[in-house]
Amino acid sequence: MKGAILYELGQVPKFGEIEEPTVLQEGQHLIRVTAAAVKNLDKARVSGKHYANYTHLPAVVGNDGVGFLEDGTKVYGHGITGMLAEKAIISSNYTPVPQNLDDATAAALPNAILGSAMPLLIRAKLQEGQNVLFNGATGVTGQVAVQIAKHYGAKEIIVTGRNQAVLDQLKAFGATQILVLKEGENQDYLTEKVRAIHQRTPIDIVIDYLWGKPFQAILNAFKSADINHLTSTVKIVTAGDMAGKEIQLTSAILRSTDIQLMGSGFGSLTKEELIVFNKVILPEMFLLAARGKLHIQTEIHPLADIEKVWNKTIDRGLRLVIKI
């Protein structure tokens, strides 16, 4: 069969022929793959710098994808074998995909939903009518997060980002206020803007994809200098660090406001929560997308071009998808 094959860690996968995988035990399923997204995790494993890198080479790469079981059921699943190939083996923990949802969208959505729905619904526990701020919302995950917040009844949806065109698009997705991040400039202006919004309409949840200086500025906005002021609770969930890996968290910030600071990622989610993701949240998001109510932008290339596009610079607002 044809596949994207890794011959040496740190090298680019190559298009070629490799032996078809075989189901070896109960609970495994053969899938005819039709589309798979290329994500940072895929590239990290191929680089050899990830703890779950490939130990037996050559190997087909790709962690997850969409395709058809032998009985014709269309599903999304995680690969026991590499998914960037004509066929793969997946476990029974797969998610059915609506027949009318195009394969590229179905392949691109799960990772973005994991990074948006889980921090918003599982970690922050969004309630209808709450106000949410998304810091760094112009990437693929941020765009999906805004749409999910709107779907679940968020009242005010404030978004930050550098790309003005995408910020304007986020208004169509449900954003009510946009704040343009100014690269290289003092971040005090962002602190003042967020503080003013928080005073008018208290922010209940912050989902942060940037960390670094932009998040520091937002964090400072919640610091209160009025000892007689009773603050409202703000749940802050970090889901990325695109703008830096460190911040300065002072005791004064935590003592002057009721901030609940947490993270969202595989390590912070329980086994039960991941089951909810696969069996409840992801199917609902697939249905929304099939009905045209949830959108994700993709850049699609054929499997034969894998070597050419593996290291291609893709706009942060797009997800690279390989059609098989």
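Strands β3 and β7 pair in the antiparallel sense over 5 bridges, where two strands count as paired if DSSP finds at least two bridges between them. The model described here is predicted: local features need pLDDT of at least 70, side-chain atom pairs count only at pLDDT 80 or more, and totals for chains, interfaces and linings use all residues. Residues are numbered from 1 along each chain as its sequence is written, and side-chain values use heavy atoms, with hydrogens and water left out.

Strand β3, residues 28-38, is a suitable place to begin. Helices (H or I, at least four residues) and strands (E, at least two) are DSSP runs, numbered from the N terminus. Of the 11 residues in β3, 9 are buried, and the strand is mostly covered; buried means under 20% relative accessible area, exposed means over 50%, and partly exposed lies in between, with a 1.4 Å probe and protein chains only. Besides β7, β3 pairs with strand β5 (residues 64-69) in the antiparallel sense over 4 bridges. Ile 31 of β3 stands opposite Ala 88 in β7 and also opposite Leu 69 in β5. Strand β16 (residues 319-323) is another antiparallel partner of β3, through 4 bridges, and there Val 38 stands opposite Leu 320. In general, strands of a sheet pair through backbone hydrogen bonds, either parallel or antiparallel.

The chain as a whole may now be considered. The protein chain contains 10 helices and 16 strands. Its radius of gyration is 21 Å, close to the 20 Å that the globule rule gives for 324 residues, so the chain is as compact as a globular protein of that length. The radius is taken over C-alpha atoms, and the rule is 2.2 Å times the number of residues to the power 0.38. Along the principal axes, the C-alpha atoms fill a box of roughly 70 × 35 × 35 Å. Buried residues make up 51% of the 324 residues. Among contacts with a separation of 6 or more, 69% are between residues 24 or more positions apart, a contact being heavy atoms within 4.5 Å.

Other strands form further pairings. An open sheet is formed by 3 strands in the order β2-β1-β4, with antiparallel pairing. Its edge strands are β2 (14-17) and β4 (59-60), each of which pairs on one side only. Strand β1 (residues 2-6) is joined to β4 by 2 bridges, and Val 60 in β4 is the bridge partner of Ile 5. A parallel pairing is found elsewhere: 4 bridges join strand β10 (residues 157-161) to β11, with Ile 158 opposite Gln 177. The side chains of β11 (residues 177-180) alternate, since Gln 177 and Leu 179 point to one face and are buried, while Ile 178 and Val 180 point to the other and are not.

Certain backbone features also deserve attention. Most residues other than glycine have a negative phi, and most peptide bonds are trans. A cis peptide bond joins Leu 57 and Pro 58, with omega about 0°; Pro 58 is placed in the loop between α1 (40-47) and β4. Lys 125 has a phi near 55°, a positive value in a residue other than glycine, and is found in the loop between α3 (117-123) and β9 (132-135). At 46% relative accessibility, Lys 125 counts as partly exposed. For Trp 211, phi is likewise near 55°; this residue lies in the loop between β12 (205-208) and α7 (212-221) and counts as buried at 14% relative accessibility.

Two further residues complete the tour. Thr 81 lies in the loop between β6 (74-78) and β7 (87-91) and is partly exposed, with a relative accessible area of 29%. Leaving aside neighbours within four places in sequence, Thr 81 is in contact with Pro 21, Gly 62, Ala 88 and Ile 89. Ala 88 is the residue in β7 that stands opposite Ile 31. Leu 274, in helix α9 (residues 271-290), is partly exposed at a relative accessible area of 22%. With neighbours within four places in sequence again left aside, Leu 274 is in contact with Leu 114, Phe 266 and Leu 269. Leu 274 and Ile 31 are 243 residues apart in sequence and 22 Å apart in space, C-alpha to C-alpha.
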